[in-house]
Amino acid sequence: MDIEVESFQLDHTKVEAPYVRKAGRIETPKGDIIQKYDLRLRQPNEDAISTAPMHTLEHLLAGYMREKIDNIVDISPMGCRTGFYLIVVGEPTVEKVENTLTDSLTQILETEEVPATTAKECGNYRDHSLFGAKEYASDVLKKFK
Ligand SMILES: [Zn+2]
């Protein structure tokens, strides 16, 4: 593969989760800025989020993060299940993204219902765990400095 993938260059043995990191910046031909951030919740190669809580975190972060940051294109799970990618039009600071993430995780602790969990709205609606999502949210919040 000749294309350089930024996240493949990151030394995953050197990072210390949880953290937020700016992982990419593109300026479109018309001058818009699109940025990508890693929202790393678990320590790579030591831990990973189980699929049901991961899926529930995805559904909840999709709403809670968008309430606080404008022009979010996507928040999607990392395939390694140690965190999420955030893609946004604009240039929110890492601090702003981190505060938004911790505020959203705090909201998850109080959440009583997962949005969009019907067969019509979701591609695997049976695979959710709000209990598990809260367990991870609580643990990540304790570890964020
Ligand atoms: Zn879903």
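His55 and His59 are both buried. In this predicted model, the two histidines belong to the set of protein donors of the zinc ion, which consists of His55 (NE2), His59 (NE2) and Cys122 (SG). These donor atoms lie 2.1 to 2.3 Å from the zinc ion. Along the chain, the donors follow the spacing H-x3-H-x62-C. The two histidines are separated by about one helical turn because they stand four residues apart in helix H2, which covers residues 51-68. The UniProt record, an unreviewed entry, lists His55, His59 and Cys122 under "binding site". These positions are spread over 68 residues of sequence but cluster in space, with a largest C-alpha distance of 10.1 Å.

His55, located in helix H2, has a relative accessibility of 12% and therefore counts as buried, the cut-off being under 20%. Its side chain reaches the backbone oxygen of Asp127 at 2.7 Å. When neighbours within four places in sequence are left aside, the contacts of His55 are Cys122, Asn124, Asp127 and His128.

Cys122 lies outside helix H2, in the loop that runs between helix H3 (94-109) and helix H4 (130-143). With a relative accessible area of 11%, Cys122 is likewise buried. Residues up to four places away in sequence not being counted, Cys122 touches His55, His59, Ala116 and His128. The contacts of Cys122 thus include both histidine donors.

Thr56 is also placed in helix H2. Its relative accessible area is 0%, so Thr56 is buried. A polar contact of 2.9 Å joins the side chain of Thr56 to the side chain of His128. Apart from neighbours within four places in sequence, Thr56 is in contact with Val114, His128, Ser129, Leu130 and Ala133. His128 therefore recurs in this region: it is in contact with Thr56, with His55 and with Cys122.

Lys30 presents another setting. This residue is found in the loop between strand S1 (19-27) and strand S2 (33-40). Its relative accessibility is 81%, and Lys30 therefore counts as exposed, for which the cut-off is over 50%. From C-alpha to C-alpha, Lys30 and Glu6 are 23 Å apart in space, and 24 residues separate them in sequence.

Note on methods. Residues are numbered from 1 along each chain as its sequence is written. This is a predicted model: local features need pLDDT of at least 70, side-chain atom pairs count only at pLDDT 80 or more; totals for chains, interfaces and linings use all residues. Side-chain values use heavy atoms; hydrogens and water are left out. Donors are N, O and S atoms within 2.8 Å of the metal (3.2 Å for Na, K and Ca); water is not among the atoms, so sites may look incomplete. Buried means under 20% relative accessible area, exposed over 50%, partly exposed in between (1.4 Å probe, protein chains only). A polar contact is a pair of N or O atoms within 3.5 Å; within protein, one must be able to donate a hydrogen and the other to accept it, and residues adjacent in sequence count only if both atoms are side-chain atoms. Contact means heavy atoms within 4.5 Å. UniProt positions are given in the numbering used here, feature names are shortened, and annotations may be inferred rather than shown by experiment.
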